[in-house]
Amino acid sequence: MTRSFDLDSPSVPAISRENAPDALSQQGKDGASEAESKPDLPGRLPVLPVRDVVIFNYTILPLFVGRDASVQAVEAALQSNRYLLILTQKDEQVDKPAPADLHSIGTVVMIMRMLKLPDGRLKLLVQGVSRARALSVTDNKPYLEAEIKALPEQEQLPQSVAVEALMRAAREQSERILTLRGMVSPDVINVLGSIEHPGRLADLIASNLRMKLTEAQELLECLDPVERLKMVNELLTKEAEVASMQAHIQETAREGMDKAQRDYYLREQLKAIRKELGEGASDDDDEIAELAAALEKAKLPPEAQKEADKQLKRLSSMHAESSEAGVLRGYLEWLSELPWARLSRDRLDIIKAKKILDEDHYGLEKVKDRILEFLSVRKLNPKSKSPILCFVGPPGVGKTSLGRSIARSMGRQFQRMSLGGMRDEAEIRGHRRTYVGALPGRVIQSLKQAGTRNPVIMLDEVDKIGSDFRGDPSSALLEVLDPEQNFSFSDHYLNLPFDLSKVMFICTANHLETIPGPLKDRMEIIRIPGYTMQEKLGIAQRYLVDRQEKENGLKKKDVVFKPGVLETLIQGYTREAGVRGLEREIGAVARKLARKKAEGTKAPFVVDDASLKELLGAPRYLDDDLDKTPVPGLAVGLAWTPHGGEVLNVEVSTMQGKGGVTLTGQLGEVMKESAQAAVSYARSHARELGIDPEFNSKLDVHVHVPAGATPKDGPSAGVTLATALVSALSGKVVRDSLCMTGEITLRGRVLPVGGIKEKILAAVARGLGDVIIPKQNEKDLEEIPQDLLSKIAVHPMDNLADVIALAFSEKRGKKASVKSSGTPGGNTKNKLPRKRRNTDGENRMSLSPFLPPVS
């Protein structure tokens, strides 16, 4: 069989079916004629390395030679006796093979024809002459040469039944394979029958057999003709099985196509017969009629109706069992089930809506007012657009449950979509119908589940959306949350515009910093701060206790909390801005009391401070006195954490030195800069502050902020750092009832900071009587309940000199009455501020570097 190979490419073009029989026949004839002559081979020949091919005796092959060394070897052979030694490479990827990269046994070939191609390559027609062993291969530039030893075929073999059986089996298997592949011809059969030598028959079949390169090399290196024929028979058996399976697969596929076409024609004929007989429609016709009725009932807009009619017409002409028909059927079902025209009627009774909001949530007046404002506008202008709200606040303050309450107050359906960890844009926009298992995006799915076009859809955890190679979901949300665009939102699956302008979208987030700017710009931000002690107490009394009693199988009168116990539970066993932890602790109390009741103890169960400690163990958060005696260099600041406000103590010590400044306590870069600004302010205003102007050259300053294991950052500790530094340098003591917050500049200005409400709540909880805040934060006092402001004196200031003057004055402010978790029902005296510690070993004031800094 004649095959062509490109020596510079590892791939070998397969022989075409058309010329295979003729090539095999011609090869057999040429081999028989050549066998009559025994050429004398020289002892040294040029070497032509080849890859992806093994040449057998009497095989005629065209070869393309492109490597420079190979071209030189061919030219040397043509100038001599036209003989070449062809050796197969061990590694096909080697471009310039060395002698060690070649097999030692190859084939001596004669160049029958040679043609130079325009690109410099040579096209050869060669015929195998004899096997040969390369005794040594040398690199005689520019090509390889080898000293060879011819390996002639054994011409005379003893006749035996076993050899005859092997040859017959080889002929029959060859004929079977050619028959399965549709390439059998009388000439091929005659050639196979005319060869009587087992080795020559094995070489003829092997040269036309599909096999791996290693198997072909093994056949070439097998010098025993009978053994070589056995190896060929094994390969023929394997190839026959593969050819048989291939023919079976092709036949099965052809039968399936024929059956599908036949079924289609029969179904069409059956439809025509039923129509002539006046009988009812088939099941397929009933299904299409049902889809048409459902689409008509859905009241699709004109553009969607046009597309639905087009796809319905395509479906009616398709085979019911085809895959495309299943895709179209699913698409039409989605179109028919979407609420294109269904709207729920808004409850516009403002008084009733306010009552529902108050029943479901304690406090949160700002959020409730915004919802009632929207309902009022909708009542006066039914065509107004729905707002895009974003509730921002710490975990557990009721953002998600508030969305459910809003839907109930408005009489709308509620759907929640969790966006946390979402990374695929198709989750929002859907997949195109060309994909297997494609579905619409979750926005369209939520509308289908709601059954109306104007539900309340909550996009939960919008600040935790990710992005990767699949796209950016936050970018897909830009169209969803834009009232100017979402009236024609296009889902990839539907490929039709859908009106989202009537949907009320509510987003929730813990932090605004991770929300992209364009997305943030489309939302109305409503901040929900942490609850105060009074708010937590009210929520526990109105909601949490009753809920946990019911969930744990207790009746309302089975548990009685004594006055002050819930406050002890809040202060001693929880540390959070919300109430999730508080509800868990109340649930733990209820479970333990339920067990007692199940064991036979009679209710009611009275819970006081002693029994609370017995049920839950020792309080996890204790108020420890840090310092009982005021000393210079100590000031109290206020910090914001995701769990609420916190008291922050700042300590400054001076010692003999050369002006070095040491900062410890895991301070962030911004806080370190605030400390440097405080030192610069003290140096530039030394005489006014009554300190030694030369302190920077005589003293070292050490600033420390406990606790050392807690990362801290932010600019709001600036006034505290400056006050503590001046106190240490002047020897004056800061008032024990005073705490402060604010950023400072080198000129002594006090700049505004955030978290004022949480910080003042922390100051009141620690029994402090005075707090200094920036003048520009005075507006934030409007958000703080008056009952809290009555417990502490607030001093708005815009200049650091005024802050230091107040810090060293003897004037006393108000004292907050707080309840210590260690002394139930007791009030604190005039003590220094105390810091709550977690007795479980974890500092609950920790500020993760990934959370917003102290401000």
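**Exercise 1. The two sides of helix 3**

Identify which exposed residues lie on the face of helix 3 turned away from its buried side.

*Solution.* Step 1. The model is a predicted one, in which local features require a pLDDT of at least 70 and side-chain atom pairs a pLDDT of 80 or more, whereas totals for chains, interfaces and linings use all residues. Residues are numbered from 1 along each chain as its sequence is written, and side-chain values use heavy atoms, leaving out hydrogens and water.

Step 2. Helices (H or I, at least four residues) and strands (E, at least two) are DSSP runs numbered from the N terminus. Helix 3 spans residues 161-180, and its 20 residues reach 28 Å from the first C-alpha to the last, close to the expected 28 Å; the expected span is 1.5 Å times one less than the number of residues.

Step 3. A residue is buried under 20% relative accessible area, exposed over 50%, and partly exposed in between (1.4 Å probe, protein chains only). In helix 3 the buried residues are Val163, Leu166, Met167, Ala170, Arg171, Gln173, Ser174, Ile177 and Leu178. These residues lie on the same side of helix 3, because they cover an arc of only 165° around its axis, the arc being that of the directions from the axis to the C-beta atoms.

Step 4. The face turned away from that side carries the exposed residues Val161, Ala162, Arg168, Glu172 and Thr179.

**Exercise 2. Strand 13 and its neighbours**

Determine which way the side chains of strand 13 point and which residue of strand 13 is the bridge partner of Leu459.

*Solution.* Step 1. In strand 13 (residues 504-509), six of the six residues are buried.

Step 2. In a regular strand, side chains alternate between the two faces of the sheet. Met504, Ile506 and Thr508 point one way from strand 13, while Phe505, Cys507 and Ala509 point the other way.

Step 3. Strands count as paired if DSSP finds at least two bridges between them. Strand 8 (residues 388-392) runs parallel to strand 13 over five bridges, with Ile388 partnered by Phe505. Strand 10 (residues 456-460) is also parallel to strand 13, through four bridges; here the partner of Leu459 is Cys507.

**Exercise 3. Strand 25 and its neighbours**

Explain why strand 25 is described as largely enclosed by the rest of the structure.

*Solution.* Step 1. Five of the five residues of strand 25 (residues 770-774) are buried, so the strand is largely enclosed.

Step 2. Burial applies in both directions: Asp770, Ile772 and Pro774 point one way, Val771 and Ile773 the other.

Step 3. Strand 22 (residues 738-740) is joined to strand 25 in parallel by three bridges, and Cys739 stands opposite Val771. Strand 26 (residues 793-797) is joined in parallel to strand 25 by five bridges, and Pro796 is the partner of Ile773.

**Exercise 4. An aromatic pair**

Classify the ring pair formed by Trp340 and Phe498.

*Solution.* Step 1. Rings of Phe, Tyr and Trp (its six-membered ring) pair if their centres lie within 6.5 Å; planes under 30 degrees apart are stacked, over 60 edge-to-face, and the rest tilted. The structure holds two aromatic pairs.

Step 2. The centres of Trp340 and Phe498 are 4.8 Å apart and the planes stand at 50°, so the pair is tilted.

Step 3. The pair links distant parts of the chain, 158 residues apart: Trp340 is in the loop between helix 10 (323-337) and helix 11 (350-360), and Phe498 is in strand 12 (residues 497-498).

Step 4. Trp340 is buried at 8% relative accessibility, as is Phe498 at 1%.

**Exercise 5. Salt bridges of helix 11**

Establish where the partners of the salt bridge between Arg408 and Asp360 lie in the chain.

*Solution.* Step 1. A salt bridge requires a side-chain nitrogen of Lys or Arg within 4 Å of a carboxyl oxygen of Asp or Glu. The whole structure has 30 salt bridges.

Step 2. Arg408 and Asp360 meet at 2.8 Å, N to O. Arg408 is in helix 13 (residues 399-410) and Asp360 in helix 11, 48 residues apart. Arg408 is partly exposed at 39%, and Asp360 is partly exposed at 26%.

Step 3. Lys354 and Asp358 also form a salt bridge, at 3.0 Å. Being four residues apart in helix 11, Lys354 and Asp358 are separated by about one helical turn. Lys354 is partly exposed at 38%, and Asp358 is partly exposed at 24%.
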